[in-house]
Amino acid sequence: MSKNQEAVEKHRDTEALLAVLDAADQMPSAGLLRARSYELLSLVPSSTVVDIGCGAGRAVAELAERGVHAVGVDPDPWMLAAARERWSAAEFWEAGAEDLPFANGSVHGYRADKVFHVLQEPRRAVAEARRVLCPGGRIVLVGQDWDAIMIDSNDAALTRTIVHSRADLLGTPRAGRQYRNLLLDGGFNDVTVEVHTSVFTDPAMLSLLTRLAESACTSSAVGRDQADEWLAEQRRRAEADRFLIAIPFFVAAASA
């Protein structure tokens, strides 16, 4: 594949992921979850708050509206390009969670939303968060448990196979249920954990199921015919207003 073809494929992948993220972010439950994460950060006016894995930058913009110096960090230059296009006044840096461009103790708030499940070494990311946070600074981790996604379907066994095969492709698919121990082991205090289950009935979320099914095919967990049949059933459900996905999101907070 030529470099131009690679660039086109990467752009297409980013656009597809953005479509899924935008659809999810616009749900009322997602807005409430973000608001809860900001509340748990105990925001101090004019202090620096970093949003790790910021994607297209929505949380960075919302944090800035709350009177803090919000900085978005993401390792994906394509995502950052979209973020800068959407929020031209905001500050964004290209970096991974394990190697942040901030001095020791220079940050008052650290937020990572839907990030830790893709990391190979979440403990390194927690250690880096501890390094950049000032004494008393707050960390908030938000993320879904990929093994626990619930999808209403006529074929429960096939649905389980698709969900679990997608989870197995991730670095740490069960990171959400591990947040508490990660933070305690990382030297954080006053650790709290909440679980908020988001229910999606909007057909816009069919794009998420398409990505799940494609991953299951790629990993040979299911055949193409099975995946197509499963997706066809989900589309019929969406057309008949019988579509439902429920995703548990863990929200952990602690103090440095």
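Is Ser42 buried, partly exposed or exposed? Ser42 is partly exposed, at a relative accessible area of 45%. The model is predicted. Its chain holds 9 helices and 8 strands. The radius of gyration is 19 Å, close to the 18 Å of the globule rule for 256 residues, so the chain is as compact as a globular protein of that length.

**Overall build**

- Along the principal axes, the C-alpha atoms fill a box of roughly 55 × 40 × 30 Å.
- Of the 256 residues in the chain, 49% are buried.
- Take the contacts with a separation of 6 or more: 75% of them join residues 24 or more positions apart.

**Surface and charge**

- About 12,200 Å² of the chain is exposed. Carbon and sulfur atoms supply 50% of that area.
- The chain carries 27 positive and 36 negative charges. The mean positions of these two sets are 3 Å apart.

**Cysteines**

- The disulfide count is 0.
- Cys54 has 8% relative accessibility and counts as buried, because the cut-off for buried is under 20%.
- Cys217 counts as buried too, at 16% relative accessibility.

**Positive phi at two serines**

- Most residues other than glycine have a negative phi.
- Ser42 has a positive phi, near 50 degrees. This residue sits in the loop between helix 2 (28-40) and strand 1 (48-52).
- Ser220 also has a positive phi, near 65 degrees. Its loop runs between helix 8 (206-218) and helix 9 (224-239).
- How exposed is Ser220? Its relative accessible area is 61%, and over 50% means exposed, so Ser220 falls in that class.
- Ser42, at 45%, is partly exposed.

**His117, a loop residue**

- Where does His117 lie? His117 is in the loop between strand 4 (107-113) and helix 5 (122-132).
- His117 is buried, with a relative accessible area of 8%.
- Residues up to four places away in sequence are set aside here. The contacts of His117 are then Gln144, Trp146, Leu170, Gly171, Thr172, Pro173 and Ala175.

**Glu91, a strand residue**

- Glu91 belongs to strand 3 (residues 91-94).
- Its relative accessibility is 29%, and Glu91 counts as partly exposed.
- Which residues does Glu91 touch, leaving aside neighbours within four places in sequence? They are Val60, His69, Ala70, Val71 and Gly72.
- Ala64 is 27 residues from Glu91 in sequence. The C-alpha to C-alpha distance between Glu91 and Ala64 is 10.0 Å.

**Ala127, a helix residue**

- Ala127 is part of helix 5, the helix that spans 122-132 and follows the loop of His117.
- Ala127 is partly exposed, with a relative accessible area of 49%. The exposed class needs over 50%, so Ala127 stays outside that class.
- Ala127 and Leu183 are 56 residues apart along the chain. Their C-alpha atoms are separated by 9.1 Å.

Methods:
Residues numbered from 1 in each chain as written. Predicted model: local features only at pLDDT ≥ 70, side-chain atom pairs only at ≥ 80, totals over all residues. Heavy atoms only, no water. Helix = DSSP H or I, 4+ residues; strand = E, 2+ residues; numbered from the N terminus. Rg over C-alpha atoms; globule rule 2.2 N^0.38 Å. Buried < 20%, exposed > 50% of the residue type's maximum accessible area, 1.4 Å probe, protein only. Contact = heavy atoms within 4.5 Å. Areas by Shrake-Rupley, 256 points an atom, 1.4 Å probe, with all protein chains shown as cover. Lys, Arg positive; Asp, Glu negative; His and termini not counted. Charge placed at Lys NZ, Arg CZ, Asp CG, Glu CD. Disulfide = S-S within 2.5 Å.
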